[in-house]
Structure formats: structure tokens, C-alpha cells
Amino acid sequence: MRRRATAGLLGAAAVALGACTAAPSAEVRLFRDSVAAIDQAGQPLLDDLALAERAAYRAALREKAQANSAAEARGRPPAGEERWVGRPLGPGFVRDLRVPDAPFEASIGDPPGTAALRAGLGTVTALSAALVGLTDGTNADAAADDLVRSVAALSDLVAAGGALVGTPLATAGLKAAIEELRGLARRLADELNARRARELILENERQVEALLAGLKDAVPAMWTVLTSDLQITITANPRMAESELRAAVARAEAYRRLLSDYAVLIERAQAAWRGAVAAARTPGSLTLAAVAENAARLRADLEAIRRAQAALRSGQLSP
């Protein structure tokens, strides 16, 4: 998918504009390319977030089980059913494996919070592709089918993904937007034409804004979970070697930069969506020069993010 997204960015500058078109083709393509940039920047972060969410949940479960077993040993009432098997603060494991814990213990799929965010990103990606398909008349059926599936997946996950291991996801208005997007997906599947695309953009202005806002508002919670281990490591080891401390700080700063990049890209997609809405009201508002300028900026931004991601993976970070 990332190769296709990159190809879309490279081809955006060649989009021809028509002031009297029935749907805002250039603006919709810019929105699609902006969302593709979010996807390229966001997927590696979501991969890391899934690992961090699982680790934080398992650490909390472990601490709860140890505390309950210790309380029981002292003749005090435990705070829950979790029990620890092993040394009180040493090697051991949580006694029971419960079905609600399985998404956090599994090695496949995403845990609930990450899954909801990834599904939200998938929905806005499918929506942008479906709108391009409608305005251009290319692959419209497949794009509409993708949107129907992604909205259904997001609807199933939103309740479970209301928090990242106790850190609430700020998604005000997101549930209502998802319900309305479900209707959009059905209408897209039924009415595949450019005139209808323009109408759908105007009808769903607020819902798409809410979906993008939900992804952006989740960034602080992502930061908290991604850096929780680093915070514990630094604060719990006052005698940590200077080199180790600098490496931990550099890793935290790398996540801070990448998450900030991700948030900025979402803001640009929001601006691109507003441009598509404005063009749906008044076709032909985007110039060819503006399309080329935005495509060039997205390419440069994605290259910078790619380098930052590579540095994080390799551990070659500047302290």
C-alpha cells in the first residue's frame, strides 16, 4: 500500500484541472495524497504502539497479581482475582489466563487501542480512495467495497479502543461520525458517479473532520504509552550510566519528533479536506501550481520522516 501511496504523491503534480467539472477531482486527489502521507508516517508508529500497549498492560497485570498475592499472604483482602505464581517480586507469572487479556497476550493482531487507531486510519484512507475513484471513474467499485469493510471494522473496534491501557483516547464526536460514515459507505456502494461524489463530500464534511480530529487528538495518549517504559527506566535508575541515560532520552525525543510529524500531517490532511469541501461548493478552486507545490512538500516531508524512522530502528540517534 505504501508503494501505491508514493506513486500517488509522485503523480499528483500531473493532475489536470477543469473549472466546470462535476466533482473537485484535484482537491480530492490532494486529500488522498495527504492521507497517504499520514499512513506512511503512522503505520510504523502504530507498530511500536502495539508493542508498547501490550507491554504496559502486561506490566500492570503483573503488578496487580503480585499485589493481590501479597495482600492474601498477609491476611488482607485482595483487590481482584489476579494471583501471582513465583517469588513475590522476582521470577514468576500471572496464574490465570483470561479471555479479556488475550488481545494483550497474543502475538498476532493489534491490542484494542492500537487496533481502533489503525482502523480509523484505514477508514479515512479507504474514504479518500473511494472519492478519487468516484471523481475519476476508476476502480470505484473496489474502493467503495474497501470503505464499507473499513467502516464496519472501525465500528466494531471503537468501543474496545476507548483507551490505551488506562490512558483515554480523546475522540469526542468520533462514535457519531462513525455511525454516519456507515451510511456514507452504503451510499457510495449504491451510487458510483462523480456528481454523487460532490454531494457526498458536502453531506459528510463534519464526519470526516471528526474522524481526522479523533486521530490527531489520540497523539498525546500514543506518546504516553510509547514512552512509559523509558520513563520508568529513567526514574527508577538514578545511578544509570550517562551513556544509557542519553540513549533513553534520545529515543524519547525521537518519538516526540515522529509523533509531532504525524500530528502535523493530520492537520494538513484536515486542510486538504476543507479544500475539497470548498471545491465541491465552488469547483476549480485549486491551481495546478498549488497541486505541484503540495506534492513536492509531501515528498520532502515523507523522506525526512523515513530517515527519522530508520534512525529510531537502528538506534543511531543523536542525544
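## Helix 4

Start with helix 4, which runs over residues 112-136 of this predicted model. Its end C-alpha atoms sit 36 Å apart. How does that fit with what you'd want from 25 residues at 1.5 Å a residue? The expected span is 36 Å as well, so the two agree.

As for cover, helix 4 is mostly tucked away: 22 of its 25 residues come out as buried.

## Gly 214 and a partner in helix 4

Now hop over to helix 8, residues 205-217, which is where you'll find Gly 214. Is Gly 214 buried or exposed? Its relative accessibility is just 4%, and the cut-off for buried is under 20%, so Gly 214 counts as buried.

Gly 214 also has a link back to Leu 117: the two are 97 residues apart along the chain, yet 8.8 Å separates their C-alpha atoms.

## Pro 44 in helix 2

Helix 2 covers residues 25-73, and Pro 44 is part of it. With a relative accessible area of 9%, Pro 44 is buried too, because that value falls under 20%.

Which residue pairs up with Pro 44 across 214 positions of sequence? That's Leu 258, with a C-alpha to C-alpha distance of 9.9 Å.

## The chain as a whole

Zooming out, the chain has 12 helices and 4 strands. It is 319 residues long, and 45% of them count as buried. Its accessible surface adds up to about 15800 Å², with 55% of that belonging to carbon and sulfur atoms.

Take the contacts with a separation of 6 or more: 79% of them join residues 24 or more positions apart.

How values were computed
Residues numbered from 1 in each chain as written. Predicted model: local features only at pLDDT ≥ 70, side-chain atom pairs only at ≥ 80, totals over all residues. Heavy atoms only, no water. Helix = DSSP H or I, 4+ residues; strand = E, 2+ residues; numbered from the N terminus. Buried < 20%, exposed > 50% of the residue type's maximum accessible area, 1.4 Å probe, protein only. Contact = heavy atoms within 4.5 Å. Areas by Shrake-Rupley, 256 points an atom, 1.4 Å probe, with all protein chains shown as cover. Expected span 1.5 Å × (residues − 1).
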